[in-house]
Amino acid sequence: MCGIAGYSLGLDSRVERTVAARALLAGIAERGADAVGYAYRRPGSAITLHKQRSGATALLDRIEVPEPATQLLVHVRDYTKGHPSLSANNHPIRHGGVVGIHNGIITNDDELFDEHGIPRAEAGMTVDSEIIFAIAERSRGRTAKAFEQLYGSMAAAWLDENRAELLLARGMGRPLWVGLGKRELFFASTRLALELVESYGGVKLKKVQVEEGTVMAVDNGAVVARDKFEADLSFEEEPLPAVRAPDEGRACLARLAMLHAA
């Protein structure tokens, strides 16, 4: 069980980038404490990535997103495959030109790497999530259909250095909420994260859950393309509690309030 969050903002959005990033991180902090990370992109610039082996409280004060940035990915990890002692296994994960985050588990990742002859991005990587972004990089324009190869649970988001959009996908078994503003689209594993953005970011959002089997492209805070795929609903996963790091959640919410008051 992990937590994902992020945003796509219009160039004229008045939402403070770092404030929104902190709110999103606090809203998913309870979902994992094995590693935490974020990535952002300014229009026309390379993707900037930071990750560390800690819970969210160790990053909340330090997360900083420049105001020209319009895209953000945030992740907290409760690992299942791919030990967090290897930084490459932690999220955001880079595979080639794609940087992405994932909540869920893909059980046929090794088979798909072998079947398609795709090398791991770094030696020693074993994290299952990497196959999502390897497939996304190889199947640009046909991503939804390609995701039908995956067996497992998934909510994911990624940035592609060869595309301007932020990409979102929901397979089966994992939540994915989006909050729509006038010039903004936020996404998160929890509705709470979107509510925190409203409270601290000064924006009103229309909140909806993404349907299973959906891939969407988002640009300048608006959905610009949407596609469907057939998620394999035969996958059965042992139920996991959504709250994996309650102390992290409580500490981040308290610290977020203090930062806002200051």
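**Exercise 1. Work out what share of the protein chain is buried, and how the chain fills space.**

Step 1. Of the 262 residues in the protein chain, 56% are buried; buried means under 20% relative accessible area, exposed over 50%, and partly exposed in between, with a 1.4 Å probe and protein chains only. Keep in mind that this is a predicted model, where local features need pLDDT of at least 70, side-chain atom pairs count only at pLDDT 80 or more, and totals for chains, interfaces and linings use all residues. Residues are numbered from 1 along each chain as its sequence is written, and side-chain values use heavy atoms, with hydrogens and water left out.

Step 2. Now check the radius of gyration, taken over C-alpha atoms; the globule rule is 2.2 Å times the number of residues to the power 0.38. A compact globule with 262 residues would come out near 18 Å, and the 17 Å of the protein chain agrees with that.

Step 3. Along the principal axes, the C-alpha atoms fill a box of roughly 55 × 35 × 30 Å.

**Exercise 2. Trace the open sheet and find the helices that lie on it.**

Step 1. Start with the inventory: the protein chain has 7 helices and 13 strands. These are DSSP runs numbered from the N terminus, helices being H or I with at least four residues and strands being E with at least two.

Step 2. Seven strands make an open sheet, in the order E3-E2-E4-E1-E10-E9-E11 with antiparallel pairing; two strands pair if DSSP finds at least two bridges between them. Strands E3 (47-52) and E11 (206-209) are its edges, each pairing on one side only.

Step 3. Zoom in on one pair: E2 (residues 35-41) and E4 (residues 71-77) run antiparallel and are joined by 7 bridges. Within it, valine 36 has valine 76 of E4 as its bridge partner.

Step 4. Add the helices. Helix H1 (residues 17-28) lies across E1 (3-9), E2, E4 and E10 (184-188), at about 155° to E1. Such angles run from 0 to 180 degrees between N-to-C directions, with axes fitted to C-alpha atoms, for helices over the stretch in contact.

**Exercise 3. Describe the surroundings of glutamate 130.**

Step 1. Find glutamate 130 in helix H4 (residues 130-138).

Step 2. Is it buried or exposed? Glutamate 130 counts as buried because its relative accessibility is 0%.

Step 3. List its contacts, meaning heavy atoms within 4.5 Å. Beyond neighbours within four places in sequence, glutamate 130 touches Ile93, His95, Phe113, Pro119, Arg120, Ala121 and Met125.

Step 4. Finish with the side chain: one of its polar atoms lies 2.8 Å from the backbone nitrogen of alanine 121.

How values were computed
A polar contact is a pair of N or O atoms within 3.5 Å; within protein, one must be able to donate a hydrogen and the other to accept it, and residues adjacent in sequence count only if both atoms are side-chain atoms.
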